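Dear colleague,

I am passing on to you a structure that you have not worked with before, and below it I have set out what was found. Please read the notes with the model open beside them.

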Amino acid sequence: MEPSGVSDEKRPTVDLIKDKNGTDQILLQNPKGASVKISLHGGQVLSWKTDKGDELLFTSAKANSKPPHPVRGGIPICFPQFGTRGSLEQHGFARNKMWLVEENPPALPSFDSTNKAYIDLIAYNNHSCFSFEFHLRVSLALDGNLTLISRVRNINSKPFSFSIAYHTYFSISDISEVRVEGLETLDYLDNLFEKERFTEQGDALTFESEVDRVYLNSRDVVAVFDHEKKRTFLIKKEGLPDVVVWNPWDKKAKALTDLGDEEYKHMLCVDGAAIEKPINLKSGEEWTGKLNLSLVLST
Ligand code: BG6
């Protein structure tokens, strides 16, 4: 649909590009110059830039972008599970798969009457345990907000259950300079203590060692404050009760081949997620989850 009264040069653009391995990517740009890059490998958002060209998502300089390896950074989608369970790979297979651009609604370029640039992707799976269609809409609004809307439909005759996390790697100045608000008093499962349940005691979460937690039933807005960069990320979510917080710190960073030894200082994963209570879908049922990321600058 063409927004009325908007001249050509002010319209959002949606372009198909390729990375160095020849993998298709989609570049969304809004009329002010903000942009979002999404790879069809994993349906993974790899870049989110402001209209000044500042990158808001972390990607490791050592990331391996050759499929099926998921890129260390951006927003990999952990689905149909978070973590490890049974024979499925860690964080599921959606981030390893090639996704397709949905033909209907029509292909590029796509923008709506509010000048929001968007792309609709789809992943299918026909495994006997996990038969689904996963529709993903990634959009970039005029104000630079990034939204991911997921619709998962069970296309099997049998029910299936899944967990999901948008494993968002925020780019930060220094891990010791940031704090996360919105998780106070919540219970969390600590992956560093075999998923034991604890209750958050502090006013805000700050970092001085490895953190690997799933906060349960959080409110729908969580904030990441970065004092040095004078910016705050707001994470708004719907249908995603849990929040993962992960920073590997020095020892684990050294053990990860696709993360530089010092890079843990400049990344923090805070994920909208549904983990503790898996989502059950009967045949033909559909689930929707929404993640909206925005940036607030302070002076
Ligand atoms: C975290 C997990 O959320 O994701 C960690 O709890 C894991 O245990 C991390 O190391 C990154 O996972 P991966 O598979 O991308 O290396």
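The ligand in this predicted model is surrounded by Arg72, Phe82, Gln90, His91, Arg95, His167, Asn191, Asp212, Val244, Trp246 and Lys252. Sorted by character, this shell is made up of 3 nonpolar, 4 polar and 4 charged residues. As for where the ligand is found, it sits in the largest pocket.

Which side chains have a polar atom at 2.9 Å from an oxygen atom of the ligand? Arg72 is one of them, with a side-chain N or O atom at 2.9 Å from a ligand oxygen, and His167 likewise places a side-chain N or O atom 2.9 Å from an oxygen atom of the ligand. For His91, the distance between a polar side-chain atom and an oxygen atom of the ligand is 3.1 Å. The ligand would expose 390 Å² if it were taken alone, and the protein buries 85% of that area.

Turning to the strands, an open sheet is formed by 8 of them, in the order S6-S7-S8-S9-S20-S17-S16-S12, with antiparallel pairing. Its edge strands are S6 and S12, the latter covering residues 178-181, and each of these two pairs on one side only. As background, the strands of a sheet pair through backbone hydrogen bonds, and they may do so in a parallel or an antiparallel way.

Within that order, strand S16 (residues 221-226) and strand S17 (residues 231-238) run antiparallel and are joined by 6 bridges, and in this pairing Val222 stands opposite Ile235 of S17. The two strands form a hairpin with 4 residues between them, and in its turn Lys230 has a positive phi of about 55 degrees. S17 is also joined by 8 bridges to strand S20 (residues 286-297), again in an antiparallel arrangement, where Phe233 has Leu295 in S20 as its bridge partner.

A further hairpin is made by S13 and S14, with 5 residues between the strands, and Glu194 in its turn has a positive phi of about 50 degrees. Here strand S13 (residues 187-190) and strand S14 (residues 196-199) run antiparallel with 4 bridges between them, and Tyr188 stands opposite Phe198 in S14.

Some details of the backbone deserve a separate look, because most residues other than glycine have a negative phi and most peptide bonds are trans. Where, then, are the cis bonds that lead into Pro68 and Pro80? The peptide bond from Pro67 to Pro68 is cis, with omega near 5 degrees, and Pro68 is placed in the loop between strand S4 (44-49) and strand S5 (77-78). Phe79 and Pro80 are likewise joined by a cis peptide bond, with an omega of about 5 degrees, and Pro80 belongs to the loop between S5 and strand S6 (100-101). Asn217, a residue other than glycine, has a positive phi near 50 degrees, and Asn217 is found in the loop between strand S15 (211-215) and S16.

With kind regards

Key:
Residues numbered from 1 in each chain as written. Predicted model: local features only at pLDDT ≥ 70, side-chain atom pairs only at ≥ 80, totals over all residues. Heavy atoms only, no water. Near = heavy atom within 4 Å. Polar contact = N/O pair within 3.5 Å; in protein donor to acceptor, adjacent residues only side chain to side chain. Areas by Shrake-Rupley, 256 points an atom, 1.4 Å probe, with all protein chains shown as cover. 1 Å grid on protein atoms, 1.4 Å probe; cavity = no way out; pocket = protein on both sides within 12 Å on 5 of 7 lines; lining within 4 Å. Sits in = over half its atoms within 2 Å of the grid points. Nonpolar A, V, L, I, M, F, W, Y, C, P; charged D, E, K, R; others polar. Pairing = 2+ DSSP bridges.
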